[in-house]
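Open the model in your viewer and keep the selection box handy. We will go from one selection to the next and look at what is there.

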Amino acid sequence: MTMTDERLPDALKAEGDWSSIFSYHPMEITLERAKGIYLYAEDGKRYIDASGGPMAVNLGHGDPRMKAAFMDQMDKFAYCHPVLANRKRAELCAKIAEIAPGDLNTTYLVAGGSEAVETAMKAARQYHVLNGSPDKYKVISNFESYHGMTLATLGVSGSPGTQRYFEPMIPKWPHIHQYSDYKRPRGVSREEWALQSASELEVAIIYAGPRTVAAYLATPHGAGCDYAVVPPKEYWQAIREICDRYDVLLIADEVITGFGRTGKWFAMEHFGVQADIMTTAKGISSMYAPLGAVTVSDRVNEPFETRAFSHGFTSGGHALACVAGLTAIQIIEEDGLLENCERVGRHLFSHRERLLAHPTVKDVRGWGLFLCCELVRDKETMEFFSPDQNAEHLYQSIALKNGLVLYGTLYGGRRSPTMLRGLPTWICPPLCITEEQVDDLIDRLDDTLTEWEGLLGLG
Ligand code: PLP
């Protein structure tokens, strides 16, 4: 099936079969430059980077401080053999220890989110082996989650679509259901439901064999259909207790939520819960350079002091990436981007009712500058768009016409039966966005929805 849509002008038609490809929407737009929240195409058209690329750009684009920091480093060296000391790497790791919750004090650097998650899984395993529990190796994670594209991270991700070709090659461990308001029974409070939902982890550990479970891995907010659902703090507190009870390490995947996206440095701070291992990427450098990090607690790192963590990538701790990470943190501090995220985020969510008024907008949720809009064909029945409607492609094409670059969704051209809910669309612009720019963004989103609903006969 091609994604070509006869309802669109030629310039907006995509080529090829993108139906099974995660999140891509190939358009004939060639980026020329980017500044602040804006992307400028070679033909002169300006777009708002409404999703910060793939939820990754936390700083504004084209920051001159970043350029100056890169130039300064380039005058010294671009790359440093990992056995040599590199001052920027040391400064970055020290800075992460300063801003990370509790005793998450030691950081192992990598080049992206998948590497970070896979490295965290290895850290959990090695920790247990060195601590006298060599049978602990399983990593429990959530259905509908996404943790990366390497074989091991595909295994812990709960997305059959991306796993299907690689099935025989990936580790298969238990998955549990994440906290979901949608599934919450009538009359049950969020807090009660949080405890019931968390207890699923305990059941999974018992079935898997507590002796064999090394870690539980999850994102602070929901994924898949429940993308950006923020559980009550009781949920995470109960998860923490269960992990402690069974000597299971808690790995918080903060690849999306870290470095200010939710109004705090790290999202787990909202719940007053500290993970044993935290993975970050994306916003850590705002993608000025590929960078990821695995930050572990003193307890986890303790056995590595005598038997070094078996870790190391040629590009992990690349000098230019470290400069990007360090400078990104400095800019977040200098420009008060956490405070801006909190304040402008509140303004973003003040548009909630306006979006919910659309016949296709089933839910609007999230935190900080991360808003997820859930789109369905029928809000009452939750009926979804039929594949021949090419609804997602059409939606994104109209958004582009209206000057918005959105991130694709999890469904591509068709929806899997494991994701029987709406089409999540993410608004997570650079954290420097102003209230006026948010209003402009929402106006364009509103227009896009109206036009889209009209073309689908839902207006
Ligand atoms: N973890 C989460 C929560 C993610 O959302 C992603 C990517 O979107 C990853 C890990 C993988 O990161 P990367 O694409 O940098 O490998």
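What follows is a short walk through a predicted model, from sheet to core to surface.

**Stop 1: the sheet.** Start by colouring the strands. Seven of them make an open sheet, ordered β4-β10-β9-β8-β7-β5-β6, with mixed pairing. At its edges sit β4 (104–110) and β6 (175–176), each of which pairs on one side only. As a reminder while you look, strands of a sheet pair through backbone hydrogen bonds, either parallel or antiparallel.

Now zoom in on β4. Is this edge strand mostly covered or mostly exposed? It is mostly covered, as five of the seven residues in β4 are buried. β4 and β10 run antiparallel and are joined by six bridges. Select L109 and look across to β10, where A293 stands opposite.

Step along to the next pair: β9 (residues 277–280) and β10 (residues 292–297) are also antiparallel, with four bridges between them. Here T279 has V294 of β10 as its bridge partner.

**Stop 2: two loops beside β9.** Select A275, in the loop between β8 (249–253) and β9. This alanine counts as buried because its relative accessibility is 3%, below the 20% cut-off. Show what surrounds A275: beyond its neighbours within four places in sequence, it contacts L104, R240, L250 and A252. For a sense of distance, draw a line from the C-alpha of A275 to that of A214; these residues are 61 apart in sequence and 14 Å apart in space.

Then move to the loop between β9 and β10 and pick S285. With a relative accessible area of 0%, S285 is buried too. Leaving out neighbours within four places in sequence, the contacts of S285 are M66, L291, A324, G325 and A328.

**Stop 3: the nonpolar cores.** The largest nonpolar core holds 66 residues, and F259, L355 and W452 touch the most other members. Which helix gives the most to this core? Highlight α10 (residues 319–334), which supplies nine residues. Next, centre on F259 and show its surroundings. Apart from neighbours within four places in sequence, F259 is in contact with several residues, including N58, I96, W265, F266, I329, I332 and L431. A second core, separate from this one, has 41 residues; among them are A194, A223, Y235 and I239. In soluble globular proteins, nonpolar side chains tend to be buried together.

**Stop 4: an enclosed helix.** Select α13 (residues 391–401). This helix is largely enclosed by the rest of the structure, since 10 of its 11 residues are buried. The buried set includes charged and polar residue types to click on, such as E392, H393 and Q396. What do the buried residues of α13 pack against? Show β3 (46–49), β12 (370–375), β13 (404–405), β14 (423–427) and α14 (435–455), and you have the answer. Just after the helix, check the backbone at G403, which has a positive phi of about 80°.

**Stop 5: out to the surface.** Finish by switching on the surface and selecting L151, Y165, F166 and M169. Together these four form a nonpolar surface patch with about 420 Å² of accessible area. L151 belongs to helix α5 (residues 151–156). L151 is partly exposed, at 36% relative accessible area.

Definitions and conventions
Residues numbered from 1 in each chain as written. Predicted model: local features only at pLDDT ≥ 70, side-chain atom pairs only at ≥ 80, totals over all residues. Heavy atoms only, no water. Core = buried A, V, L, I, M, F, W, Y, C linked by side-chain atoms within 4.5 Å. Buried < 20%, exposed > 50% of the residue type's maximum accessible area, 1.4 Å probe, protein only. Contact = heavy atoms within 4.5 Å. Patch = residues over 30% accessible without salt bridge, like charges linked within 9 Å, V, L, I, M, F, W, Y side chains within 5 Å. Areas by Shrake-Rupley, 256 points an atom, 1.4 Å probe, with all protein chains shown as cover. Salt bridge = Lys/Arg side-chain N within 4 Å of Asp/Glu carboxyl O. Pairing = 2+ DSSP bridges.
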